[in-house]
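Please take me through this model as a guided tour, telling me what to select next in the viewer and what is to be found there.

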Amino acid sequence: MWNEFKSFAFKGNAFDLAIGVIIGAAFSRIVDGIVNLIIMPIIGAVTGGLNFDNYFLALSGNVTATNLVEAQKQGAVLGYGAFITIVVNFLIVAFVLFQLVKVANRLKKAEPPPPAPAPSRSEELLAEIRDSLKARSST
């Protein structure tokens, strides 16, 4: 059982996938930082200095808070500002991954087509028969 597990766990595909997940998690934190610390504050400044994370719609009359965290404690709210931040985050990740795939495809060398297989012995014999019949008919 140990050998089977070792064979599975350390196969190239499983190991590559694990590395990809770890790098993806780290990349996600970088993108979160870019979105939350750079892009959204710029958008907030352009729109009047408001924090998108605190944009919400109260679904309950009990909600009187002015920020999302406190409003959620008071009742049901739709946090559409936080959702906008998540969508911007997703769009950045999707765009970066799209660009990475484009670059990887450009760097990948086009493989030449495999050479045609050599004719089998029966094909060679049929070609010889064809050639000899052509030679007879042309004389």
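Contact, as the word is used on this tour, means heavy atoms within 4.5 Å. With that in mind, and remembering that the model is a predicted one, select A71, which touches F56, V63, A65 and V77 when residues up to four places away in sequence are not counted.

Next, add L68 to the selection, since A71 and the four residues it touches belong, together with L68, to the largest nonpolar core, which has six residues in all. Apart from that core lies another, made of five residues, among them V31, M40, F52 and Y55.

Keep Y55 selected and add Y80, in order to look at the one aromatic pair that the count gives. The ring centres of Y55 and Y80 are 6.0 Å apart and their planes stand at 45°, so the pair is tilted. This pair links distant parts of the chain, as Y55 sits in the loop between α2 (12-46) and β1 (57-58), whereas Y80 belongs to helix α4 (residues 80-107), 25 residues apart. Which of the two is buried, and which partly exposed? Y55 has a relative accessible area of 19%, and is therefore buried, the cut-off being under 20%; Y80, at 42% relative accessibility, counts as partly exposed.

Finally, turn to the surface and select I30, which is found in helix α2. Extending the selection from I30 to I34, L37, I38, I42 and V46 brings up a nonpolar surface patch of about 620 Å², made by these residues.

Key
Residues numbered from 1 in each chain as written. Predicted model: local features only at pLDDT ≥ 70, side-chain atom pairs only at ≥ 80, totals over all residues. Heavy atoms only, no water. Phe/Tyr/Trp six-rings, centres within 6.5 Å; stacked < 30°, edge-to-face > 60°. Helix = DSSP H or I, 4+ residues; strand = E, 2+ residues; numbered from the N terminus. Buried < 20%, exposed > 50% of the residue type's maximum accessible area, 1.4 Å probe, protein only. Core = buried A, V, L, I, M, F, W, Y, C linked by side-chain atoms within 4.5 Å. Patch = residues over 30% accessible without salt bridge, like charges linked within 9 Å, V, L, I, M, F, W, Y side chains within 5 Å. Areas by Shrake-Rupley, 256 points an atom, 1.4 Å probe, with all protein chains shown as cover. Salt bridge = Lys/Arg side-chain N within 4 Å of Asp/Glu carboxyl O.
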